[in-house]
Structure formats: C-alpha cells, structure tokens
Amino acid sequence: MPENMNNVPVLIAQTGKLHGQSWNLDKDEIIIGRGPDCDVVVPDRQVSRHHARVLRTADGYVIEDLDSKNGTHLNGALIQRPMLLQDGDVIQVALALYLTFIGTESTVPLSVTNAVQNGSGRLRMVPQAHRVLIGEYEVEPPLSPPQYRLLELLYRNPDRVVSRDEIAELVWPGTMGVGVSNQAIDALVRRVRNRLAEVDPDHAYVVTVRGHGFRIDNPC
C-alpha cells in the first residue's frame, strides 16, 4: 500500500532561485547538490556537486554533509557529523540556499493568505512554512527555530503580556524552563528584534514590559 503522503516530511526552499519549492522526503536518501543527478539541484557554484544528504533512519531524518567545499549548517552551526532533524530546523547549503525541514506534512501552503491572522497587523506569520512577513517583504533568511517559536508565541497572544516562564517552556521544549536564564531570554529577544529591524527598522515589534515579560506591538 502506498505511503500516506500527508505524513511525509518535506524540505522547503526559503531563499534564492528555488524559493518556495518543496521536496517530499519520501526516499531513504535525498541528495542535495549542484549535480544534475541530485534530488535537490542547487544551481550555484558555491555548492558542491554532491553537497549534503538527508537520510531516513530508525530514529528519524538526519542531515549529513558530504565533504562539501563550503560546508552545511544546521540552525547556524556547521555540521561536523550526521545531525537528527527536528521540525522547523533550518539547513544552510553553503551560502546559496536555506531549507526548512517540516516534519509533519508533505503539502505546505506557502501563500500569504495562509498566514495566521492577528487582526490587520503589518507583521504576519505562516507557521507551516516558518515564514515571517512584514508588509510585502519577507524576513530572509528565515528565523532560527527558537527565534520563530518566541515570535509566534507573542504573535498568537496579541492582547496580553507573555511571561518569561512561558517563553522558557515553549522556546526551549523539554527543559520546563529549568536552567533558562533571563540573560538567555533577553539575548533571544534582542536577536528577534534585530532580525525584524532588517525589514522594518522604524518599529519595535517586540516590547519589554518590565517586571512582567514581553508583548507584541503589531500596527496596521
């Protein structure tokens, strides 16, 4: 019986000439590279002929660099060994392409009309594709998974202040907030603000409410 494609993870291109394209991870091995025989062909000289691969294992899907010239990064860190992929992880192929790993669906709507609506605010989010848009412009490259989880938490709660404890539990799942310092939260908030400012430097979307936490300020 054919595999249920709705349960097959996908890779989604977030940048470059391939932006918006997606690839079902319906084989045991998916090769990423410049070569025409690759499953994900990246037409860029920075990319090695066979640059990286995604393998299906008993534990899940892993990303592995294939001794590429310019390296493969996972969530900003250079891959030195096979790494298990988690939903929302961002794979960087040299400097040429960012891919988001979506572990739950094979068909991911990319239209802005699929954005979670937060009133008529300028900032919009497309959770299934891990996209953030401000007006007509997209935040590129994509936010890292912790950055995205923080912003989405605030975005989904536009009418209240979100506490540091809530942020720690959601952004760092499995820790129950234990061991997550205020400094770590402040640093993450600062990085999110900086990324949003790359698109809209005239407005601070993440606001600190001293003694309570953070809230989103999403004007029309």
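1. The open sheet in this predicted model has five strands, ordered β4-β3-β5-β6-β9, and its pairing is mixed. At the edges you'll find β4 (40-41) and β9 (83-84); each has a single partner strand, so one side of each is left without a neighbour in the sheet.

2. Have a look at where β6 meets β9: the two pair in the antiparallel sense, over two bridges. Here V62 stands opposite L84 in β9.

3. On aromatics, the count comes to one pair. That pair is Y61 and F101, with ring centres 6.1 Å apart and planes at 45 degrees; stacked would need under 30 and edge-to-face over 60, so this one is tilted. Y61 sits in β6 (residues 60-65) and F101 in β11 (residues 97-102), so the pair ties together parts that are 40 residues apart in sequence. Both Y61 and F101 are buried.

4. Now the largest nonpolar core, which has 26 residues; L123, V132, L150, L151, I167 and L196 touch the most other members. At least two residues come from each of β12 (123-126), β13 (131-134), α1 (145-155), α2 (164-171), α3 (182-197) and β16 (213-216). Helix α1 gives the largest share, six residues.

5. L151 is worth clicking on. Leaving aside neighbours within four places in sequence, L151 is in contact with L123, M125, V132, L143, V192, L196, V206 and I216.

6. Don't overlook the other core, which lies apart from the largest one and has 24 residues, including L18, I32, V42 and F101. F101 is thus a name to keep in mind from the aromatic pair as well.

Key
Residues are numbered from 1 along each chain as its sequence is written. This is a predicted model: local features need pLDDT of at least 70, side-chain atom pairs count only at pLDDT 80 or more; totals for chains, interfaces and linings use all residues. Side-chain values use heavy atoms; hydrogens and water are left out. Rings of Phe, Tyr and Trp (its six-membered ring) pair if their centres lie within 6.5 Å; planes under 30 degrees apart count as stacked, over 60 as edge-to-face and the rest as tilted. Helices (H or I, at least four residues) and strands (E, at least two) are DSSP runs, numbered from the N terminus. Buried means under 20% relative accessible area, exposed over 50%, partly exposed in between (1.4 Å probe, protein chains only). A nonpolar core is a set of buried Ala, Val, Leu, Ile, Met, Phe, Trp, Tyr and Cys residues joined through side-chain atoms within 4.5 Å. Contact means heavy atoms within 4.5 Å. Two strands pair if DSSP finds at least two bridges between them.
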